[in-house]
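Q: Please take a close look at one strand of this protein and at what lies around it. Explain the terms as you go, for someone in the first year of study.

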Amino acid sequence: MKKMFRNAFVAAVALAASTSIFSASVDFTDLSVWGGANGTTTFSTAGVTLTSIAGKITTNGSSAEQAGCNAGKPSLHNLTCNGDGLGIRDDEITYSSGQGEMLYVDLGKTYKIDSIEFLDLFNPEGGLPETAQFYIDSGLFSQNSLTQAGGYVRWTPRSDVTGQLITFFTSVNPQSDFAVARINYSEVPVTDAQALVSIGLLG
(Lines give C-alpha, C1' and ligand atoms only; values in the text may rest on other atoms or scores of the structure.)
Protein backbone atom coordinates (compact mmCIF):
# COMPACT_ATOMS: atom_id res chain seq x y z
CA MET A 1 0.00 0.00 0.00
CA LYS A 2 2.80 2.40 0.91
CA LYS A 3 4.49 1.66 -2.39
CA MET A 4 1.25 2.36 -4.27
CA PHE A 5 0.86 5.74 -2.55
CA ARG A 6 4.52 6.52 -3.17
CA ASN A 7 4.16 5.78 -6.88
CA ALA A 8 1.02 7.89 -7.06
CA PHE A 9 2.82 10.77 -5.37
CA VAL A 10 5.84 10.51 -7.67
CA ALA A 11 3.53 10.36 -10.69
CA ALA A 12 1.70 13.48 -9.54
CA VAL A 13 5.01 15.31 -9.13
CA ALA A 14 6.14 14.20 -12.59
CA LEU A 15 2.90 15.30 -14.19
CA ALA A 16 3.08 18.65 -12.46
CA ALA A 17 6.63 19.09 -13.70
CA SER A 18 5.52 18.32 -17.24
CA THR A 19 3.19 21.32 -17.15
CA SER A 20 5.87 23.68 -15.79
CA ILE A 21 7.42 24.89 -19.03
CA PHE A 22 10.68 26.84 -19.24
CA SER A 23 10.49 29.87 -21.52
CA ALA A 24 13.08 32.38 -22.70
CA SER A 25 13.70 35.24 -25.09
CA VAL A 26 16.70 36.21 -27.19
CA ASP A 27 16.52 40.00 -27.49
CA PHE A 28 18.93 41.04 -30.24
CA THR A 29 18.31 44.73 -29.49
CA ASP A 30 20.16 44.27 -26.18
CA LEU A 31 23.73 45.17 -27.08
CA SER A 32 25.02 44.32 -23.60
CA VAL A 33 24.57 40.71 -24.75
CA TRP A 34 24.73 40.86 -28.56
CA GLY A 35 26.98 43.86 -29.25
CA GLY A 36 29.95 41.53 -29.75
CA ALA A 37 28.29 40.08 -32.86
CA ASN A 38 28.77 43.35 -34.75
CA GLY A 39 31.25 42.97 -37.61
CA THR A 40 31.54 39.18 -37.29
CA THR A 41 30.28 36.28 -39.40
CA THR A 42 29.82 33.98 -36.43
CA PHE A 43 29.18 34.75 -32.79
CA SER A 44 28.05 32.65 -29.80
CA THR A 45 26.79 33.54 -26.36
CA ALA A 46 24.33 32.12 -23.84
CA GLY A 47 24.03 28.89 -25.83
CA VAL A 48 22.92 30.66 -29.04
CA THR A 49 25.09 30.85 -32.17
CA LEU A 50 24.73 33.36 -35.02
CA THR A 51 26.17 32.78 -38.50
CA SER A 52 25.83 35.12 -41.47
CA ILE A 53 26.10 34.50 -45.21
CA ALA A 54 27.10 37.16 -47.79
CA GLY A 55 28.25 39.73 -45.27
CA LYS A 56 29.04 40.50 -41.66
CA ILE A 57 26.46 40.77 -38.89
CA THR A 58 25.37 44.25 -37.82
CA THR A 59 23.73 45.15 -34.51
CA ASN A 60 22.79 48.75 -35.34
CA GLY A 61 23.46 50.72 -32.19
CA SER A 62 23.51 54.26 -33.58
CA SER A 63 21.14 56.81 -32.08
CA ALA A 64 19.12 56.87 -35.32
CA GLU A 65 18.72 53.09 -35.28
CA GLN A 66 17.77 53.09 -31.59
CA ALA A 67 15.10 55.68 -32.39
CA GLY A 68 13.51 53.29 -34.89
CA CYS A 69 13.21 50.57 -32.26
CA ASN A 70 12.03 52.99 -29.57
CA ALA A 71 9.26 54.32 -31.85
CA GLY A 72 7.15 51.28 -31.02
CA LYS A 73 7.94 51.19 -27.29
CA PRO A 74 6.04 50.58 -25.03
CA SER A 75 2.79 50.43 -27.01
CA LEU A 76 3.89 47.55 -29.27
CA HIS A 77 6.77 45.85 -27.48
CA ASN A 78 9.23 45.91 -24.58
CA LEU A 79 12.44 45.40 -26.52
CA THR A 80 15.62 46.79 -24.94
CA CYS A 81 16.28 49.07 -27.94
CA ASN A 82 19.92 50.00 -27.48
CA GLY A 83 20.20 48.40 -30.93
CA ASP A 84 17.74 47.98 -33.79
CA GLY A 85 17.96 44.23 -34.32
CA LEU A 86 20.30 42.14 -36.45
CA GLY A 87 21.14 42.84 -40.07
CA ILE A 88 23.86 41.83 -42.53
CA ARG A 89 26.32 44.31 -44.11
CA ASP A 90 23.98 47.27 -43.53
CA ASP A 91 21.25 47.62 -40.92
CA GLU A 92 18.99 44.89 -42.34
CA ILE A 93 18.79 41.51 -44.10
CA THR A 94 18.23 42.44 -47.74
CA TYR A 95 16.41 40.88 -50.69
CA SER A 96 18.15 38.45 -53.00
CA SER A 97 16.70 36.27 -55.74
CA GLY A 98 19.44 33.70 -55.18
CA GLN A 99 21.56 32.77 -52.17
CA GLY A 100 22.14 36.24 -50.83
CA GLU A 101 22.13 37.54 -47.27
CA MET A 102 21.10 34.88 -44.78
CA LEU A 103 21.26 34.80 -41.00
CA TYR A 104 21.35 31.49 -39.13
CA VAL A 105 20.31 31.44 -35.47
CA ASP A 106 21.10 28.14 -33.75
CA LEU A 107 19.36 27.87 -30.37
CA GLY A 108 21.53 24.94 -29.28
CA LYS A 109 18.69 22.42 -28.98
CA THR A 110 15.14 21.95 -30.16
CA TYR A 111 12.60 24.31 -28.61
CA LYS A 112 9.00 25.26 -29.20
CA ILE A 113 9.12 28.58 -31.08
CA ASP A 114 6.50 30.84 -29.51
CA SER A 115 7.03 33.99 -31.59
CA ILE A 116 9.57 35.98 -33.60
CA GLU A 117 9.71 39.79 -33.62
CA PHE A 118 10.97 41.96 -36.47
CA LEU A 119 11.87 45.62 -36.98
CA ASP A 120 12.13 47.67 -40.18
CA LEU A 121 9.39 45.71 -41.95
CA PHE A 122 7.67 48.66 -43.60
CA ASN A 123 4.51 48.75 -45.69
CA PRO A 124 4.50 49.38 -48.57
CA GLU A 125 7.89 49.33 -50.22
CA GLY A 126 7.76 49.47 -54.01
CA GLY A 127 3.99 49.14 -53.84
CA LEU A 128 4.25 45.77 -52.07
CA PRO A 129 4.54 44.76 -48.42
CA GLU A 130 8.02 43.91 -47.25
CA THR A 131 8.35 40.23 -46.37
CA ALA A 132 10.56 38.44 -43.86
CA GLN A 133 11.05 34.78 -44.70
CA PHE A 134 12.54 32.13 -42.47
CA TYR A 135 13.00 28.42 -42.04
CA ILE A 136 12.53 26.81 -38.64
CA ASP A 137 14.60 23.70 -39.29
CA SER A 138 13.05 22.63 -42.63
CA GLY A 139 9.66 24.36 -42.26
CA LEU A 140 9.25 27.56 -44.30
CA PHE A 141 7.36 30.57 -42.86
CA SER A 142 6.95 34.24 -43.73
CA GLN A 143 5.67 37.49 -42.25
CA ASN A 144 4.49 40.50 -44.22
CA SER A 145 4.91 44.06 -43.00
CA LEU A 146 2.23 46.01 -41.20
CA THR A 147 1.85 49.76 -40.85
CA GLN A 148 3.36 50.03 -37.36
CA ALA A 149 5.94 52.27 -35.72
CA GLY A 150 9.52 51.26 -36.42
CA GLY A 151 8.33 48.60 -38.85
CA TYR A 152 7.64 46.37 -35.85
CA VAL A 153 5.86 43.06 -36.49
CA ARG A 154 5.42 40.02 -34.27
CA TRP A 155 5.00 36.61 -35.95
CA THR A 156 3.16 33.94 -33.96
CA PRO A 157 2.63 30.41 -35.31
CA ARG A 158 -0.93 29.19 -35.78
CA SER A 159 -0.01 25.80 -34.32
CA ASP A 160 2.94 24.43 -32.37
CA VAL A 161 6.26 24.74 -34.21
CA THR A 162 9.49 23.25 -32.89
CA GLY A 163 13.06 23.60 -34.10
CA GLN A 164 16.66 24.44 -33.33
CA LEU A 165 17.94 26.28 -36.39
CA ILE A 166 16.18 29.40 -37.71
CA THR A 167 17.34 30.75 -41.09
CA PHE A 168 16.31 34.29 -42.05
CA PHE A 169 16.27 35.66 -45.62
CA THR A 170 13.98 37.48 -48.07
CA SER A 171 13.41 36.67 -51.76
CA VAL A 172 9.83 37.80 -52.59
CA ASN A 173 9.77 41.58 -52.97
CA PRO A 174 12.95 43.20 -54.38
CA GLN A 175 12.32 46.15 -52.04
CA SER A 176 12.24 43.96 -48.92
CA ASP A 177 14.65 44.16 -46.03
CA PHE A 178 14.20 43.69 -42.28
CA ALA A 179 15.98 43.29 -38.95
CA VAL A 180 15.58 40.39 -36.52
CA ALA A 181 14.65 41.79 -33.11
CA ARG A 182 13.73 38.92 -30.77
CA ILE A 183 13.01 35.18 -30.68
CA ASN A 184 10.73 33.86 -27.93
CA TYR A 185 10.81 30.14 -27.22
CA SER A 186 10.05 27.48 -24.62
CA GLU A 187 10.78 23.86 -23.81
CA VAL A 188 9.00 21.32 -25.98
CA PRO A 189 6.08 20.14 -23.80
CA VAL A 190 6.42 16.67 -22.29
CA THR A 191 3.31 14.52 -22.49
CA ASP A 192 1.91 12.83 -19.39
CA ALA A 193 2.93 9.45 -20.78
CA GLN A 194 6.49 10.65 -21.41
CA ALA A 195 6.70 11.96 -17.85
CA LEU A 196 5.60 8.60 -16.45
CA VAL A 197 8.04 6.69 -18.68
CA SER A 198 10.85 8.95 -17.47
CA ILE A 199 10.33 7.82 -13.89
CA GLY A 200 9.76 4.17 -14.80
CA LEU A 201 6.05 3.95 -14.08
CA LEU A 202 5.23 3.01 -17.68
CA GLY A 203 7.14 0.58 -19.84
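A: In strand β12, Ser115 has Asn184 as its bridge partner. Ser115 belongs to the stretch in question, β7, which pairs with β12 (residues 177–186) in the antiparallel sense over seven bridges. Two strands count as paired if DSSP finds at least two bridges between them. Helices (H or I, at least four residues) and strands (E, at least two) are DSSP runs, numbered from the N terminus.

The model is predicted, so local features need pLDDT of at least 70 and side-chain atom pairs count only at pLDDT 80 or more, while totals for chains, interfaces and linings use all residues. Residues are numbered from 1 along each chain as its sequence is written, and side-chain values use heavy atoms, with hydrogens and water left out.

Strand β7 covers residues 102–119, in a protein with four helices and twelve strands. Besides β12, there are other partners. Strand β3 (residues 48–53) and β7 pair in the antiparallel sense over five bridges; here Thr51 has Tyr104 of β7 as its bridge partner. With strand β11 (residues 162–169), β7 forms six bridges, again antiparallel, and Asp106 is matched with Leu165. With strand β10 (residues 153–155), the pairing is antiparallel over three bridges, and Ile116 stands opposite Trp155.

Next come the side chains. In soluble globular proteins, nonpolar side chains tend to be buried together. A residue is buried at under 20% relative accessible area, exposed at over 50%, and partly exposed in between (1.4 Å probe, protein chains only). A nonpolar core is a set of buried Ala, Val, Leu, Ile, Met, Phe, Trp, Tyr and Cys residues joined through side-chain atoms within 4.5 Å. The largest such core here has 32 residues, and those with the most contacts inside it include Leu103, Val105, Ile116 and Phe118, along with Phe28. The elements that give two or more residues to this core are β1 (23–27), β3, β7, β8 (131–136), β10, β11 and β12. Strand β7 supplies the largest share, seven residues.

Phe28 shows what this core looks like from one residue. Leaving aside neighbours within four places in sequence, Phe28 is in contact with nine residues' worth of names that include Trp34, Leu50, Val105 and Ile183. Contact means heavy atoms within 4.5 Å. Val180, Ala181 and Arg182 are also among the contacts of Phe28.

Arg182 is found in strand β12. With a relative accessible area of 8%, Arg182 is buried. Not counting residues up to four places away in sequence, Arg182 touches Ser115, Ile116 and Glu117, and also others, including Ser25, Val26 and Asp27. The side chains of Arg182 and Glu117 are joined by a polar contact of 2.6 Å, and the side chain of Arg182 makes another with the side chain of Asn78, at 2.8 Å. A polar contact is a pair of N or O atoms within 3.5 Å; within protein, one must be able to donate a hydrogen and the other to accept it, and residues adjacent in sequence count only if both atoms are side-chain atoms. The C-alpha atoms of Arg182 and Arg154 are separated by 9.1 Å, although these residues are 28 apart along the chain.

Back in β7 itself is Lys112. Why does Lys112 count as buried? The reason is its relative accessibility of 18%. The side chain of Lys112 makes a polar contact of 2.7 Å with the side chain of Asp114. Leaving out residues up to four places away in sequence, Lys112 touches Asp160, Val161 and Thr162, and also a run that includes Asn184, Tyr185 and Ser186.

A second, separate core of seven residues includes Cys69, Leu79, Ala179 and Ala181. Cys69 is joined to Cys81 by a disulfide, with an S to S distance of 2.0 Å. A disulfide is taken as a pair of cysteine sulfur atoms within 2.5 Å, and by this rule the count is one. Cys69 lies in helix α3 (residues 63–70) and Cys81 in the loop between α3 and β5 (87–88), so the pair ties together parts that are twelve residues apart in sequence. Cys69 and Cys81 are both buried.

For the whole protein, buried residues make up 42% of the 203 residues. Among contacts between residues at least 6 apart in sequence, 73% join residues at least 24 apart.
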